[in-house]
Each structure stands twice: as C-alpha cells, then as structure tokens.
Amino acid sequence: MPAASKIFRKLIAKSNPKIICDIGSRFGEDTLINYKLSPKSQFYCFEANPDNFKKLCENIVDTSKISAIHKIVCDKVDIINLNVYEKRDNKGLSSIKNRISHKSAKTYPVESVRLDHFFSELKKSDNVALWIDVEGATYDVLVGAELIFSNLWLIHCEVENRPMFSNSALRSEIKQFFKIKGFREICYSPHITEQGISSIGDSLFINENMLSMRDWMTIILPLLKEKYDLLKGRVFRFLKLNLPFLIRIWEWLKREKF
C-alpha cells in the first residue's frame with residue numbers, strides 16, 4: 001500500500017473524524033476499507049458515473065453510516081457533462097475534464113454540487129477528511145470547498161505531474177493552493193506501473209493548525225519505508241537494464257588487471 005494511503009488510514013483510525021468524504025468513490029472499495037478503520041465517522045460517497053453508482057449502492061451495507069450521492073463534486077452548482085471513457089484496465093474511468101489521450105467518450109448530464117454548499121451546516125468543531133480521486137478535477141473540488149476549509153483536517157488526493165486532462169491543475173499548482181490555505185503536503189506517493197514510476201500519484205495534505213506530535217509519529221515510519229522501497233526499486237531497475245553492460249565492464253577490468 002502506498003505511504004500516502006497508509007498514513008491517511010492510520011490517522012483516521014486514531015482520530016475518527018466526524019465526516020469522511022470519498023469523492024469519485026467508484027464502487028466504494030476505499031470507503032469500505034476506511035469504514036472498518038473509523039466506524040464512528042459518517043461517510044459520504046460521491047460518484048457521478050451512473051454505472052459505477054449502481055455498483056456502489058450494491059456494495060454499501062451500513063446505510064446508516066455510509067451515504068451514496070449521485071453527484072459531481074466541483075466548484076459549481078449546476079448540471080454539467082461527465083465524460084465516461086472506455087478503458088480495458090479501468091472500466092470506471094470518468095471525468096468532467098477532457099482526457100488528452102482519449103479522443104472519444106460518452107457524456108452524461110449530471111447534477112453538480114459544491115462541498116461548502118452540501119456541508120453548509122457544519123459546526124466549528126466538526127473535522128472532515130477527504131479522499132479525492134476525480135481524474136484531473138482535484139482543484140475544482142478544492143475550490144468548491146473554500147468556505148469549509150477551516151473544518152478540513154486531512155486530504156488524500158490523486159494528482160498529476162504532467163498534463164493528462166485539458167484545463168487541469170497539476171500537483172505544483174495544487175500544492176501552492178494548499179500552502180495558501182495553511183496545509184502541508186506530508187507525503188507524495190507516485191503510482192508504480194510495469195513501465196516504472198508514473199507521472200500520476202497520491203498526495204496527502206494536513207491542516208497545520210490540526211497537526212499534532214502524535215500525528216508526526218504516525219507519519220514518519222510509513223514515509224521512510226516508502227522512500228527506501230522507491231530507492232530499492234530504482235536500483236533494481238538500473239541493474240536489470242544495465243546488467244549486460246556492467247558484466248562486460250567487469251570482464252574488461254579483469255583482463256586489464258585493474
């Protein structure tokens with residue numbers, strides 16, 4: 001499990017935030033894991049893809065603690081188009097953004113909502129954690145939560161380091177937005193594929209006003225382990241790619257008696 005996800009789950013298990021939102025929840029897989037770790041929290045699963053939403057509703061068992069909402073979360077309250085892309089390894093891929101590498105998509109009109117409208121009645125003491133996976137629209141979700149940022153404690157979000165969607169904010173822009181709001185990026189976990197380290201990854205941000213020493217103790221070990229694993233993976237890939245060349249150098253050094 002990537003360090004960003006591991007730290008998020010360790011922190012919610014210790015703190016049991018009042019509300020946990022899974023935005024772009026697909027079939028609810030992450031919510032079901034997080035629910036077991038933080039059963040006292042109230043969960044809200046937002047899923048705009050109509051096919052995914054049906055499966056999400058089938059997977060939710062405890063409807064008293066987990067609510068499924070068929071809406072787009074962004075910076076508008078409107079009816080907007082959702083693009084659904086056919087991809088063999090990810091049937092649920094959908095976004096309000098146009099994916100650069102996919103020219104064709106089915107579109108569905110879906111009602112959208114801002115988080116600060118949806119949670120307009122939050123008390124000052126209510127702390128909220130967000131798990132965001134919205135394919136290029138993370139910044140739109142954050143802008144739509146501006147009025148409740150003082151309630152936000154922990155945010156796990158998928159980010160891109162190079163353009164994957166049109167008019168989409170990259171990780172550097174999202175980090176700057178969070179910095180202005182008083183949040184610190186405590187972890188970034190790049191996605192690992194068969195081709196190596198992806199330009200997509202998961203960032204974990206925490207509200208510095210709510211960051212305690214106990215939180216730091218939870219954060220450090222998974223973070224160090226992931227850094228070690230990434231370094232080990234890079235060394236292994238280097239050796240795998242360059243082993244024949246290194247063997248030839250070694251044989252030459254032996255012949256020359258260095």
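The following legends describe close-up views of a predicted model of one protein chain.

**View 1. The chain as a whole comprises seven helices and 11 strands.** The protein chain has 258 residues, of which 47% count as buried. Its exposed surface amounts to about 14400 Å², and carbon and sulfur atoms supply 55% of that area. Among contacts with a separation of 6 or more, 67% join residues that are 24 or more positions apart.

**View 2. Seven strands form an open sheet with mixed pairing.** The order of the strands across the sheet is S3-S2-S1-S8-S9-S11-S10. Strand S3 (66–69) and strand S10 (183–193) are the edge strands, each of which pairs on one side only. From one strand to the next, the twist averages 15 degrees. In general, the strands of a sheet pair through backbone hydrogen bonds, in either the parallel or the antiparallel sense.

**View 3. Strands S1 and S2 pair in the parallel sense.** Strand S1 covers residues 19–23 and strand S2 covers residues 42–46, and five bridges connect the two. Within this pairing, Ile 20 has Phe 43 of S2 as its bridge partner.

**View 4. Helix H1 lies across several strands of the sheet.** The helix spans residues 3–15 and lies across S1, strand S8 (128–132), strand S9 (152–160), S10 and strand S11 (196–207). With respect to S9, helix H1 runs at about 165 degrees.

**View 5. Asn 34 is a buried residue of the model.** This residue belongs to helix H2, which spans residues 29–37. Asn 34 counts as buried because its relative accessibility is 2%, where buried means under 20%. Leaving aside residues up to four places away in sequence, Asn 34 touches Phe 8, Arg 9, Ile 12, Phe 43 and Trp 131. One of these, Phe 43, is also the bridge partner of Ile 20.

**View 6. Helix H6 has its buried residues along one face.** In this helix, residues 171–181, the buried residues are Arg 171, Ile 174, Phe 177 and Phe 178. Seen down the axis of H6, these residues fall within an arc of 120 degrees, and therefore they line one face of the helix. The cover over the buried residues of H6 includes helix H5 (138–143), S9, S10 and S11. On the face turned away from the buried side, H6 carries the exposed residues Ser 172, Lys 179 and Ile 180. Just after the helix, Gly 182 adopts a positive phi of about 85 degrees.

**View 7. Tyr 139 and Phe 177 form an edge-to-face aromatic pair.** The number of aromatic pairs in the model comes to 13. In the pair shown, the ring centres of Tyr 139 and Phe 177 are 5.3 Å apart, with 75 degrees between the planes. The pair links distant parts of the chain, since Tyr 139 lies in helix H5 and Phe 177 in helix H6, 38 residues apart. Phe 177 counts as buried because its relative accessibility is 10%, whereas Tyr 139, with a relative accessible area of 33%, is partly exposed.

**View 8. Six aromatic residues, Tyr 139, Phe 149, Phe 177, Phe 178, Phe 183 and Phe 205, form one cluster.** Two of its members, Phe 177 and Phe 178, are among the buried residues of helix H6. Tyr 139 and Phe 177 are the edge-to-face pair of the preceding view.

Definitions and conventions. Residues numbered from 1 in each chain as written. Predicted model: local features only at pLDDT ≥ 70, side-chain atom pairs only at ≥ 80, totals over all residues. Heavy atoms only, no water. Pairing = 2+ DSSP bridges. Helix = DSSP H or I, 4+ residues; strand = E, 2+ residues; numbered from the N terminus. Axes fitted to C-alpha atoms, helices over the stretch in contact; angles between N-to-C directions. Contact = heavy atoms within 4.5 Å. Buried < 20%, exposed > 50% of the residue type's maximum accessible area, 1.4 Å probe, protein only. Areas by Shrake-Rupley, 256 points an atom, 1.4 Å probe, with all protein chains shown as cover. Arc of directions from axis to C-beta. Phe/Tyr/Trp six-rings, centres within 6.5 Å; stacked < 30°, edge-to-face > 60°.
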